[in-house]
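Biologist: Got a minute to walk me through this one? I'd like to get the layout of the sheets and then look at a few residues.

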Amino acid sequence: MKYTQGSYPVISKTAIAKEIYDMTILCPDVAAIAQPGQFVNIKAEGFMLRRPISICSINKEKGTLRIIFEVRGNGTKELSQIPEGGLIDIIAPLGGRGFDLDLGKKAVIVGGGIGNPPMLAVAEHFGGNARVISGFRNAAAVILQKDFADTGAKTILCTDDGSAGRKGFVTDALKEAVAAEKPDVIYACGPGVMLRRIVEIAKENGIKCQVSLEERMGCGIGACLVCACRTIRDGEEYYAHVCKDGPVFNAEEVIFDE
């Protein structure tokens with residue numbers, strides 16, 4: 001896992017929803033080696049532990065990374081105060097395994113809540129050969145719909161309360177999408193309960209599937225062992241670490257808690 005640490009300029013910053021921020025960072029050395037599905041670990045001033053944030057989009061020509069994060073505590077609140085033109089201290093790119101984008105030609109891409117940003121880079125790769133299913137609590141939380149549509153992918157928006165798009169869960173939309181046209185692969189990121197059902201749907205239909213797991217992290221490089229997750233390796237249960245062994249795993253590797 002090759003990564004670097006440095007302070008880089010934030011060249012754009014926008015609040016795109018309540019307590020959700022969109023930043024573009026100029027970091028050519030990081031962008032050159034970053035892959036969809038990896039993440040950055042950001043230092044928040046005054047806090048010991050860094051905050052892991054998924055990479056939303058990579059522009060290797062411009063040398064930029066785009067990240068989108070939600071304010072969930074004092075640390076991410078501090079990150080949200082970094083101004084446009086200011087410097088951001090990151091260790092990146094992290095994650096021993098990102099998404100494998102060579103698993104087929106047609107993909108269904110599923111994101112739940114703040115699990116949507118890392119799926120944009122996947123959609124950019126597949127373009128018109130992708131269908132993107134995004135789920136949010138309500139209309140106020142919806143983000144990235146134009147960005148997904150601009151990739152050429154067909155987009156399906158779901159909200160829990162029906163205030164935007166269709167009412168219901170992404171898993172219901174996924175079942176319909178798979179029945180209408182079976183894809184080669186499903187990629188997903190979001191809450192564990194959502195991922196577990198997506199993996200079941202993939203298995204029931206004989207579709208390859210990769211999932212990006214969300215776990216609390218400390219160091220982000222595999223030293224602190226905080227982000228352990230239950231997986232299967234060579235037929236036996238094995239505790240992998242999301243930061244080093246993932247964050248992306250093949251569906252059949254993951255043991256989801258009941």
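Modeller: Sure. This is a predicted model, and we can start with a closed barrel of six strands, paired antiparallel in the order 1-2-5-4-3-6. Direction ignored, neighbouring strands of this sheet are turned against each other by an average of 45°.

Biologist: Which residue in strand 6 is the bridge partner of Gln5?

Modeller: Strand 1 (residues 4-17) runs antiparallel to strand 6, and six bridges join the two. On another pairing, strand 3 (residues 39-42) is also antiparallel to strand 6, with three bridges, and there Asn41 is bridged to Ile91. For Gln5, the partner in strand 6 is Ile91.

Biologist: And what about Ile42, which residue of strand 6 is its bridge partner?

Modeller: That one belongs to the antiparallel pairing of strand 3 with strand 6. Strand 6 itself is mostly covered, with seven of its eight residues buried. The partner of Ile42 there is Ile90.

Biologist: Is Gly86 buried or exposed?

Modeller: Gly86 sits in the loop between helix 2 (74-79) and strand 6 (87-94). Leaving out neighbours within four places in sequence, Gly86 touches Tyr8, Pro9 and Val10. Its relative accessible area is 13%, and the cut-off is under 20%, so Gly86 counts as buried.

Biologist: How far is the C-alpha atom of Gly86 from that of Pro191?

Modeller: Along the chain, the two are 105 residues apart. In space, their C-alpha atoms are separated by 32 Å.

Biologist: Moving on to the other sheet, which are its edge strands?

Modeller: This one is an open sheet of seven strands with mixed pairing, in the order 10-9-8-7-11-12-15. An edge strand pairs on one side only, and that picks out strand 10 (166-167) and strand 15 (248-250).

Biologist: Which residue of strand 9 is the bridge partner of Ser134?

Modeller: Strand 8 (residues 130-136) and strand 9 (residues 154-159) are parallel, paired over six bridges. Helix 5 (residues 170-180) lies across both of them, as well as strand 7 (107-112), strand 10 and strand 11 (185-189), and runs at about 160° to strand 8. Ser134 is bridged in strand 9 to Leu157.

Biologist: Which side chain of opposite charge is nearest to Arg131?

Modeller: Arg131 lies in strand 8 and is buried, yet has no salt bridge. A salt bridge would need a nitrogen-to-oxygen distance within 4 Å, and the nearest oppositely charged side chain is 4.5 Å away. A polar atom of the Arg131 side chain does lie 2.5 Å from a backbone oxygen, that of Glu181. The side chain you're after also belongs to Glu181.

Biologist: How many of the 10 residues of helix 3 are buried?

Modeller: Helix 3 (residues 117-126) lies across strand 4 (51-59) and strand 5 (64-70), at about 25° to strand 4. Its buried residues are covered by elements including strand 7, strand 8, helix 4 (145-150) and strand 11. Among those buried are Met119, Leu120 and Phe126. The count is eight.

Biologist: Last one: which residue just after helix 3 takes a positive phi?

Modeller: Helix 3 spans residues 117-126, and Phe126 is one of its buried residues. Just after the helix, the phi is about 55°, and the residue is Gly127.

How values were computed
Residues are numbered from 1 along each chain as its sequence is written. This is a predicted model: local features need pLDDT of at least 70, side-chain atom pairs count only at pLDDT 80 or more; totals for chains, interfaces and linings use all residues. Side-chain values use heavy atoms; hydrogens and water are left out. Two strands pair if DSSP finds at least two bridges between them. Helices (H or I, at least four residues) and strands (E, at least two) are DSSP runs, numbered from the N terminus. Contact means heavy atoms within 4.5 Å. Axes are lines fitted to C-alpha atoms, for helices over the stretch in contact, and angles run from 0 to 180 degrees between N-to-C directions. Buried means under 20% relative accessible area, exposed over 50%, partly exposed in between (1.4 Å probe, protein chains only). Lys and Arg count as positive and Asp and Glu as negative; His and the chain ends are not counted. A polar contact is a pair of N or O atoms within 3.5 Å; within protein, one must be able to donate a hydrogen and the other to accept it, and residues adjacent in sequence count only if both atoms are side-chain atoms.
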